[in-house]
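Trainee: Could you take a close look at one helix pair for me, and then work outwards from there to the rest of the model?

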Amino acid sequence: MATDISKLGVKAKWQDLTEGMVVAGAGTSKEFLTGEWTSVKPEIDWEKCKQCLLCAPACPDSCIPVADKKRLEFDYDHCKGCGICVKACPFGAITMEGVK
Amino acid sequence: MSKRERLSGNEAVAIALRQINPDVFPAFPITPSTEIPQYFASYVANGQVDTEFIPVESEHSSMSAAIGASAAGARALTATSSCGLAFMWEELYIAASNRLPLALALVNRALSGPININCDHSDSMGARDAGWIQIYAENNQEAYDNMVQAYRIAEHKDVRLPIMICQDGFITSHAVENIELLDDADVKKFVGEYEPETYLLNPECPAAVGPYSITDYYFEAKRNQAEGMRHVPQVVLDVAKEFAAISGREYGLFEEYRMDGAERAVIIIGSAAGTTKDAIDALREKGEKVGMIKIRLYRPFPADEIADALKNVKAVAIMDRAESYTNHGGPLGADVMAALFRARSEALAVNYVYGLGGRDVRVTDMENVYAELQKIIDDGDAGETYRFMGIRE
């Protein structure tokens, strides 16, 4: 009974679910697009961003990837839209609807 | 070679479990099921089984441990009665929804209160919607035979659901009867090895068991679970056929006793079926057209098959050894009447509540039920359909 995570979207039919909802295999959370859960997302204004990197460790879902000492675009596939990064940014570079 | 023995129902089930040699048996004692883990503990101490026997602190824990063991990939079980089953309530649903094929040796006893240690079916009837397979025994031989067949049904790839093997507290659990045991080697071969596809102790494929299901998935998960239940009757019949080949004893979804040409029928579960058979034999001697259906598989409920078995019957008495407080009868009554209604049956049906808290059932009680059914046929009217048998009033 291998888990076909690709079928586990919110439109999945009962026939597509695994027996007992067992999720077989490791690291499957990457394939599970929790980004579907929200309708609002943070956005970054690159002109205001100083690459201080205070936002990246503040993200509870590790959705702010960092490479070569610079943060990259949000991982919107897994960002649940909590808005914590908006508060973490000292330069007002990150904005999101509903978060001041 | 099979072996004749005289055994209590509890000892018979314990011997079946010794022969099955399960991996994990967490247990907490409660009358009248206590002897099952008690006998089994002696098999563990004697080195007759390889089972990890875990004395836990409550039934909540025994079922939790059995679930954990089963999820880990072990063949697990526990035993209980009455309030012990009630204390497992939360876990019963989890075992079923996680599709874990563990077993529960249930010795039926009244639920408190008033507090009582004797037989009725209120404990398992309360758990009838938990998603477990439920199989009931009339006598010690059936309790043994059902236990031997349990894992073959529960672990079948089309089923994968937990199974409750029920017998009547004290009446069969403690009464000693002559029974026939199978050879250890025959049981071992019949039951086979448990080979789960996905299990927590598999280093090749780590897994998550029991994940949270939000509203988007919960309903589909329950429908998926119901599909396992749909396959149960066929698997029960297939396993029974194989069991007959090694034992010579045949089982179905239910037993039809002298139903040929029967105009009046009783539908009953458990040990009182034996008493009813004596009443039927006496009445048949007098030329009365009476018969009985004894339920073996209660969950899932073989509604179509039972309606078909009753198609030529004029009056039916459905016997419930449990109250539902619906003001119109017990759980078996509701199931059978729904089956008759869907089949557009014209049989006149009444529902008796009987035998609560161990109230004795005598042959004359059952003869009276058949006499009442004759009156119903003569009147062409079922009258009060919610009745009590053996109550002082």
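Mentor: The crossing of α1(B) and α7(B) is right-handed. On handedness, a crossing is left-handed if the near helix is turned anticlockwise from the far one by less than a right angle, and right-handed if clockwise. Helices here are DSSP runs of H or I with at least four residues, strands are runs of E with at least two, and both are numbered from the N terminus. One caveat before you go further: this is a predicted model, so local features need pLDDT of at least 70 and side-chain atom pairs count only at pLDDT 80 or more, while totals for chains, interfaces and linings use all residues. As for labels, residues are numbered from 1 along each chain as its sequence is written, and chains are lettered from A and ligands numbered from 1 in the order in which they are written.

Back to the pair. α1(B) covers residues 9-20 and α7(B) covers residues 140-154; they pack at about 25 degrees, with axes 8 Å apart. Those axes are lines fitted to C-alpha atoms, for helices over the stretch in contact, and angles run from 0 to 180 degrees between N-to-C directions. The two helices are therefore roughly parallel to each other; that label goes to angles under 35 degrees, with over 145 being roughly antiparallel, 65 to 115 roughly perpendicular and the rest oblique. From α1(B), the contact uses G9(B), A12(B), V13(B), A16(B), L17(B) and I20(B), and from α7(B) it uses N140(B), A143(B), Y144(B), M147(B), V148(B) and Y151(B). In contact means that the C-beta atoms, placed from the backbone, lie within 7 Å. By class, this contact has 10 nonpolar, two polar and no charged residues. Ala, Val, Leu, Ile, Met, Phe, Trp, Tyr, Cys and Pro count as nonpolar, Asp, Glu, Lys and Arg as charged, and the others, Gly among them, as polar.

Now follow α7(B) to what it lies on. It runs across β5 (103-108), β6 and β7 (163-168) of chain B, at about 170 degrees to β7(B). Those strands belong to an open, mixed sheet of five, ordered β4-β5-β7-β6-β13 in chain B. Each of its edge strands, β4 (77-80) and β13 (297-299) of chain B, has a single partner strand, so one side of each is left without a neighbour in the sheet. From one strand to the next, the twist averages 20 degrees. Strands pair here if DSSP finds at least two bridges between them. At the β13(B) edge, two bridges join it to β6(B) (residues 133-136), and the two run antiparallel; I135(B) stands opposite L297(B) there.

Chain B has another open sheet, with six strands in the order β10-β12-β11-β14-β15-β16 and mixed pairing. Its edges are β10 (254-257) and β16 (386-389) of chain B, each pairing on one side only. The average twist in this one is 25 degrees from strand to strand. Helix α13(B) (residues 331-342) packs on this sheet, touching β11 (264-269), β14 (315-320) and β15 (348-354) of chain B, and points at about 150 degrees to β14(B). Over at the β10(B) edge, four bridges join β10(B) to β12(B) (residues 290-295) in an antiparallel arrangement, and E256(B) has I293(B) as its bridge partner.

For a second helix pair to set beside yours, try α11(B) (residues 272-285) and α14(B) (residues 363-379), whose axes come within 8 Å and cross at roughly 60 degrees. They are therefore oblique to each other, and the crossing is right-handed. Among the contact residues are T275(B), D278(B) and A282(B) of α11(B) and M366(B), E367(B) and Y370(B) of α14(B). The classes come to six nonpolar, two polar and two charged.

Zooming out, chain B holds 14 helices and 16 strands. Its radius of gyration, 21 Å, agrees with the value near 21 Å that a compact globule of 393 residues would have; the radius is taken over C-alpha atoms and the rule is 2.2 Å times the number of residues to the power 0.38.

Chain A reads β-β-α-β-β-α-β along its sequence. Its 17 Å radius of gyration is well over the 13 Å that the rule gives for 100 residues, so chain A is more spread out than a compact globule. Where the chains touch, 14 residues come from chain A and 19 residues from chain B. The chain A side divides into 10 nonpolar, two polar and two charged. Strand β1(A) (residues 23-24) also pairs with β9(B) (residues 207-208), antiparallel over two bridges, with A24(A) opposite A207(B).

Terms used
Two residues are in contact if their C-beta atoms, placed from the backbone, lie within 7 Å.
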